[in-house]
Amino acid sequence: MLFEVWAPHARDRVTLELNGTGHPLERDAERPGWWTGVAPAADGDRYGYSLDGGPVLPDPRARRLPDGPGGLAAVVDHSAYTWRSEVPRLRLRSGVLYELHLGTFTPEGTLDAAAARLGELAGLGVTHVELMPLCPFPGVRGWGYDGVAPWAVHEPYGGPAALKRFVDAAHGLGLGVVLDVVHNHLGPSGNHLPSFGPYFTDTHHTPWGAAVNLDAAGSDEVRAYFLGSALAWLRDYRIDGLRLDAVHALVDTRALTFLEELSAAVDELAKEQGRKHFLIAESDSADPRTTTPRAAGGLGIHAQWNDDFHHALHTALTGESQSYYGDFALAPMAALAKTLTRVFFHDGTYSTFRARHHGRPVDRGRTPAHRFLGYAQTHDQIGNRATGDRLSATLSAGLLACAAALVLTGPSVPMLFMGEEWGAKTPWQYFTDHTDPELAEAVRRGRRREFGAEGWAEEDVPDPQDPATRDRSVLDRTERERDPHKRLLAWHRELIALRRTQPDLTDPDLAGVKVAYDEEARWLAFRRGDIRVAVNLGKEPVDLALGSNGRDRVLAAWERTEAPGRDGLLRLPAESAVVLTDG
């Protein structure tokens, strides 16, 4: 078997330690910094590399770390798995995504346990399951954004074989799988990459420390490392798409950016495999160039999260105005109308939170709506609150139904966060399992200091290191058996089914979306083709002058609602939503 490692920091020698035996590697004459060698090995064999007689470190490209980031790597024979299911041919433009965290989706917190629940998601009607990061990190519990081995699967989740079983099961049910990957930083503990080469640079800094080296000396190999990791998920595990974490934090001054390289490589792989691979960016830039095709001067990412829609919807529902919600809260119905029709609220406008102008307008005539994802809740927007409270902690079932209607019938590709479909009351809190005591204490203090500045008492901020914090965040499926959860679940199924059967609800034409609203009365209505959707967030019924062509029909309603009569008036109950057609 060929073993190779990029280790330009090695001065004199690199030794492969395989099953307790040392094998000297040779410099690769054609690839500077690379060391190679051949040794007999089989699936599961343990190995690592020693540089210049130093400690044995796991392979930076380890496909498996059975003992975690501090242990040796294990050989993985990807050909050993026999795939049972055909890959479904799903398109993102007609998708409904479902974000879930493996460690809290089930009490067991494993891939196999989650796979056993996939039938529930297929029955709900979603098309893709979006998994939060799976790369290894120290400890057992965590969100996954402190991963340190971008080619491997966290062993407590089940490792590589379990991920293949999960994807196979999903595909067998007609579900696609999206994986959240992190390229902007690695975790602070268990990261051995700096011993091998210039994976990081002090030229730039991020909120997590030194930046990943995408543009300084040695960056060609660093880019190839992360690009290869991304393609491996799509190729070796049959993942359908990748969600790219915080791409605005990828500091890259090269003329051809890493994101362009990545999107081109993913498109080429999709062409080779006859698949529909895609990339979804999380970006704080409010820049349509992120998803503009490369041929038109963009980065070529296929879609991006739209936090502006979330912020507008959140302020309209809750009335919150702190932090980055401030500008949206000034006129939340207007903000919601703008994000439904023009995508970004900050499209060159002044952002009070940033104390500067922010964003760029979306060209609605050339940009399809499926370039953007719309959502009412995500792991970030719940877990980064002091107590991890969901919307269901404070909102009525009617308002939750309104949120669902706006997300699932709106122009963007909808996304739900696990449990949202039944209005789960369980919180989703920030939890960690750092094995370094100093780091654990620093995270604990930092969390309490952050929210203490916002007026929270220390004792009210959950301890991230306490196992009970994770346990509180596990979904309680017994809620689904009683109202209002049971009713909300049925409502989500009904709306998702409408999105699948009504072509106007997947029409990519942003310019065709027409919106009316009343800021004081707190109602909003929009039209997409023959479909009209109206929500009343107020506490009193409202009469909406929608007009009528005599063919109006109610397709779905949270409360009993009649179609407009000859007078064209729709009487919409308080805290309620309705979907109509006049086609």
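How many bridges join β25 to strand β27, and in which direction do the two run relative to each other? Select residues 576–581, which form β27, in this predicted model. Four bridges join β25 to β27, and the two strands run antiparallel. For a single point of reference within this pairing, display Ala557, which stands opposite Val578 in β27.

**The five-stranded sheet**

Next, extend the selection to the whole sheet. Five strands make up an open sheet with antiparallel pairing, and their order is β21-β22-β23-β27-β25. The edges are occupied by β21 (514–518) and β25 (553–557); each has a single partner strand, so one side of each is left without a neighbour in the sheet. Viewed from one strand to the next, the twist averages 15 degrees.

**The three-stranded sheet**

Move now to the beginning of the numbering and select residues 2–6, the strand β1. This strand belongs to an open, antiparallel sheet of three strands, ordered β1-β5-β4. Both β1 and β4 (26–27) are edge strands, each pairing on one side only. Add residues 34–38, which form β5: two bridges join β4 to this strand, and the two run antiparallel. Here, Arg27 may be shown together with Trp35 in β5, which stands opposite.

**Two helix pairs**

Two packed helices are described by the angle between their axes and the distance between the axes. Select helix α6 (residues 219–236) together with helix α7 (residues 258–273). Their axes come within 10 Å and cross at roughly 30 degrees. Angles under 35 degrees count as roughly parallel, and α6 and α7 are therefore roughly parallel to each other. The crossing in which α6 passes α7 is right-handed.

For the second pair, select helix α8 (residues 307–318) and helix α10 (residues 332–342). In this case the axes come within 8 Å and cross at roughly 150 degrees. Because angles over 145 degrees count as roughly antiparallel, α8 and α10 are described as roughly antiparallel to each other. The crossing in which α8 passes α10 is left-handed.

**The second largest pocket**

Which residues lie closest to the centre of the second largest pocket? Select His277, Phe278, His302, His370 and Arg371: of the 18 residues that line this pocket, these are the closest to its centre. The volume of the pocket is about 380 Å³. Colouring the lining by residue class shows a division into six nonpolar, six polar and six charged residues.

Terms used:
Residues are numbered from 1 along each chain as its sequence is written. This is a predicted model: local features need pLDDT of at least 70, side-chain atom pairs count only at pLDDT 80 or more; totals for chains, interfaces and linings use all residues. Side-chain values use heavy atoms; hydrogens and water are left out. Two strands pair if DSSP finds at least two bridges between them. On a 1 Å grid over the protein atoms alone, a cavity is a set of points where a 1.4 Å probe fits but cannot get out, and a pocket is an open set with protein on both sides within 12 Å along at least five of seven lines; lining residues have an atom within 4 Å of a point. Grid points are joined across faces, edges and corners, and a volume is the space filled by probe spheres set on the points. Ala, Val, Leu, Ile, Met, Phe, Trp, Tyr, Cys and Pro count as nonpolar, Asp, Glu, Lys and Arg as charged, and the others, Gly among them, as polar. Axes are lines fitted to C-alpha atoms, for helices over the stretch in contact, and angles run from 0 to 180 degrees between N-to-C directions. Angles under 35 degrees count as roughly parallel, over 145 as roughly antiparallel, 65 to 115 as roughly perpendicular and the rest as oblique. A crossing is left-handed if the near helix is turned anticlockwise from the far one by less than a right angle, and right-handed if clockwise.
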